[in-house]
Amino acid sequence: MTARHTLAARIAKHRWHYLFLTPMVVLFVGFTAWPMLASWWYAFFDWDGLGPPTSWVGLANFSEVLGSPAFWNAFKNSFLFSLVAVGVQMPLTLLFAILLNNPRLRGRNLYRLFLFLPVVTTTAVVGIVFAVMLDPAGGFVNEILTGVGLLPEPVNFLGSDRTALATVLVIDLWKGFGITLIYWLAALQTIPPDVYEAAKVDGATARQVLRHITVPMLVPIATVILLLTFQSSMNPFDLIQATTKGGPNYATDVVATYIYRYAFDPQMAAPRYGFACAAGVVFGMCTLLLTLLQAPLLRRRYLKASG
Amino acid sequence: MSDRPLSRRALLRGLGAGAALGAAASVSSCSLVGSPRPASKESSGKVRLTIAIVPDPSGASEFYRRQFDRFTQKTGITVNVVENPTEQQLNAVELMFQQNNPPDVFRCQGPDALDRFSSRGWTAALDEYATSSGIPARFPEDALLPRTSGLHRNGKLMSLPLVSGQWSSGGFLVYNKGLLAKGGFTRPPETSEEYEAYARTITAKGGGKFFGAALSSARPSDVNALQAQAGPYSIGSGIDLRTGKVAFSDSSLVDQVELIRRMQSAKIFQPGWESWDGARVFTEFAKERVAFYIGGGWHVNEIKKLNPSLDFGVATVPIPASGRGSYYGQGSAFAPLWSMSAKTKHPDEAWKLMDFLVSEEFQKAYFDMFRTFTAMEGTWREARDLSGPEKGIIAAFDASIRRAPSPSTDGGPGVQRLMADKSAKPDLAHGDSSLLAITRNRDFAPMAKELDVKLDAFLEQDIAKISATELKVSRADLTYSDWDPLQNWKPAA
């Protein structure tokens, strides 16, 4: 009774806080929590997405997903996108951010603008433009490369299963470069100028400043940037749809396009929403696991960096 | 009213309360979308129908609007158009039904789509309306027979067509006369051997500027097009309907994959097709980069729009040098397109709209605008303004398409279910394997054998599964021993 009274009193006391929280909670439950829970439920049914699911199949969908080489191929490709984002894009953007953070660099705002432009460019347009640019028959990239003698013959960048994945990885890197750059630039702004001035007075070289001041002071924010980059890189659906649609021979298939094929592709006479949900759940769990695996390491780095 | 100025805290409270109420209302409204929509009678008493269409081909939005305005002038019935992107149409209309807000009439294109909608009881039976309006007389004799029309489900007329049956059943070779001449040829290739030889010569002469041939898209339909001229068309989907046996290993299929694989490995095709969408091939053709390719009916008008001065023609798809082994199989009189909702509040008015969509006026206007051969043959077959390529399409279709059996159309409910189950398994089609063979230069025959084993096992398993229900199906339902692929097929009475 007392506890309830206390709870009621606390709610009454913080009623405005709860009221302000309500929109977010309602939206979160309606558009995030509910779809997640529902997809778990649907994954246990052989369901085509219409009417209530009735054909219970237990773990059959999960078993089919886990035993599907096509799913693991898509998973591997999705993971490669993350690997490139974390292993290549993050360090490269950090390098550019450090350069562009230098107040002595003339026109740095212009460079920032140019690097950020791909982020705000529509992916469908990016897909079309790259398809034209990389066309093996007359595309200007091949024309230049063969013209200057770098290539003996045109490369089928998006049409060969040997080069398609690498090509879309590069396009994805180019498109996402600006946003990670902005994260790093924001992080660099948090380092007080006094520290750099002190280092300068002490005679530190640029390399020493980078190694002993910039990088250590960026680590706490870097963990957040890492997680953001990792999460956003796991879903290159729009880029793949706009360039290769997962082909050729599923060389660029990612989990999102795999799921789309089973749930929404008009070529599928009978959509398999239940199966698609199971694929989504398995992928979600794997992503969660990969994210959690990073946590202890990141936590150690974070605690060390923040003293 | 108080004169006290609004404090910052009070303002924030107000905004917070408003946002909370707004969000809650917007989310809770999700549960309201399932409530029946209000009757669509306007305040003036006139009926307002909703039709769900796709804005395809280009210019269709304006065309439909003009046509529906004419319909309104004649009938007083207003038409509200809901447009969905082609790829999203089925999902969008399904959602409209689920939310109890279905369109009165909707575009439900293709047999699979009609299966999906009719099996859920969402399409209205049109038999009585059609008979009283004299619809059968508008089409060739026997075209609306329930077993072979392609528009019936469970013996009921569930759809009306937009295009002719041939238009949706076959393709043809589109060729550039100038590029053929550059290769030293005065006519298009007539056999698959010529197809390869001509293409090889022209590609060599093009030196990377133009090519002898191109494949139709990233998932090319060329293999099946060539296969249908060499052997029974059903082998393209893995079953020889003459025997009811699996047949991916049949030479009529294996030979065509090998032909394309050989040409691909010799770099004869225009490169890059592996990532092309369906529109790219005719765009490249219009740019005079390809001498010939196997295309579909709607390509011709698009080519003319892109390059009005291009001198090109249309011919039949090449056949084997040993002679024609079969034809494109036309499994039904028509492909379904327009359906009327079983839940419409205004069935009589909705029927008037359906009737309008298969009227001579509409079908003629559609042909005039898009040059698509519509379901009413009289609107285009004898048209005075037919272009050379259009005459070529008519000749090519007449020469290369024959009526053929199709269990999905003329079979019983059990075999229809079996076919639907099969088409829901993309790994039981040869598309992935043949593409792998072509792009990686691998031998297709072992892959075909593997596919045969898989399909055979699936058929046995699914037949047993379906037979355990109230439906009945057996291998005999896949066997049409009376079918001669070189003749028009008609089901026994």
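# Exercises on a predicted two-chain model

Chain B contains 18 helices and 14 strands. The model is a predicted one.

**Exercise 1. State what secondary structure chain A has, and decide whether the chain is spread out or compact.**

Step 1. Chain A has 13 helices and zero strands. Read from the N terminus, its elements run α-α-α-α-α-α-α-α-α-α-α-α-α.

Step 2. The radius of gyration of chain A is 24 Å, whereas the globule rule gives 19 Å for 307 residues; chain A is therefore more spread out than a compact globule.

Step 3. The C-alpha trace of chain A spans about 75 × 70 × 30 Å along its principal axes. Of its 307 residues, 30% count as buried.

Step 4. Take the contacts in chain A between residues at least 6 apart in sequence: 69% of them join residues at least 24 apart.

**Exercise 2. Give the corresponding figures for chain B: the span of its C-alpha trace, its buried share and its share of contacts between residues at least 24 apart.**

Step 1. Along the principal axes, the C-alpha trace of chain B spans about 95 × 55 × 50 Å.

Step 2. Chain B has 493 residues, and 46% of them count as buried.

Step 3. Among contacts in chain B between residues at least 6 apart in sequence, 76% join residues at least 24 apart.

**Exercise 3. Describe the side of chain A that touches chain B.**

Step 1. The contact draws on 30 residues from chain A and 30 residues from chain B.

Step 2. On the chain A side, helix 2 (residues 15-42) gives the most, with eight residues.

Step 3. By residue type, this side of chain A divides into 18 nonpolar, nine polar and three charged.

**Exercise 4. Check the length of helix 14 of chain B, then find which of its residues are buried and what they pack against.**

Step 1. Helix 14 covers residues 388-400 of chain B, 13 residues in total; at 1.5 Å a residue it should span 18 Å, and its end C-alpha atoms are 18 Å apart, so the two values agree.

Step 2. The buried residues of helix 14 are B:P389, B:E390, B:G392, B:I393, B:A396, B:F397 and B:S400.

Step 3. Viewed down the helix axis, these buried residues fall within an arc of 150 degrees, so they line one face of helix 14 of chain B. On the other side, B:G388 and B:D398 are exposed.

Step 4. The buried residues of helix 14 pack against several elements of chain B, including helix 8 (222-230), helix 11 (299-306), strand 6 (172-176) and strand 14 (401-403).

**Exercise 5. Locate the largest nonpolar core and the contacts of B:V174.**

Step 1. The largest nonpolar core has 78 residues. Those with the most contacts inside it are B:V174, B:A213, B:A214, B:V290, B:A291 and B:Y293.

Step 2. Helix 18 of chain B supplies the largest share of this core, seven residues.

Step 3. Not counting residues up to four places away in sequence, B:V174 touches B:F285, B:F292, B:Y293, B:G295, B:H299, B:F312 and B:V314.

Step 4. Another core, of 52 residues, lies apart from the largest core. Among its residues are B:L49, B:L151, B:L160 and B:Y366.

**Exercise 6. Place A:L100 in chain A and classify its exposure.**

Step 1. A:L100 is part of helix 4 (residues 69-100) of chain A.

Step 2. A:L100 has 19 C-beta neighbours inside 10 Å, and a residue needs 20 or more to be buried. A:L100 therefore counts as partly exposed.

Step 3. Beyond its neighbours within four places in sequence, A:L100 is in contact with A:L105, A:R108, A:Y111, A:R112 and A:L185. For A:R112, the separation from A:L100 is twelve residues in sequence and 7.2 Å in space, C-alpha to C-alpha.

**Exercise 7. Review the backbone at A:P248, B:P57, B:N154 and B:R371.**

Step 1. Most residues other than glycine have a negative phi, and most peptide bonds are trans.

Step 2. The bond from A:G247 to A:P248 is cis, with omega near -10 degrees. A:P248 sits in the loop between helix 11 (237-243) and helix 12 (255-263) of chain A.

Step 3. The bond from B:D56 to B:P57 is also cis, with omega near 0 degrees. B:P57 is in the loop between strand 1 (48-53) and helix 2 (60-75) of chain B.

Step 4. B:N154 is not a glycine, yet its phi is positive, about 50 degrees. With 11 C-beta neighbours inside 10 Å, B:N154 counts as exposed.

Step 5. B:R371 has a positive phi near 55 degrees. With 23 C-beta neighbours inside 10 Å, B:R371 counts as buried.

Key. Residues numbered from 1 in each chain as written. Chains lettered and ligands numbered in written order. Predicted model: local features only at pLDDT ≥ 70, side-chain atom pairs only at ≥ 80, totals over all residues. Contact = placed C-beta atoms within 7 Å. Helix = DSSP H or I, 4+ residues; strand = E, 2+ residues; numbered from the N terminus. Nonpolar A, V, L, I, M, F, W, Y, C, P; charged D, E, K, R; others polar. Rg over C-alpha atoms; globule rule 2.2 N^0.38 Å. Buried ≥ 20, exposed ≤ 12 C-beta atoms within 10 Å, placed from the backbone. Expected span 1.5 Å × (residues − 1). Arc of directions from axis to C-beta. Core = buried A, V, L, I, M, F, W, Y, C linked by C-beta atoms within 7 Å.
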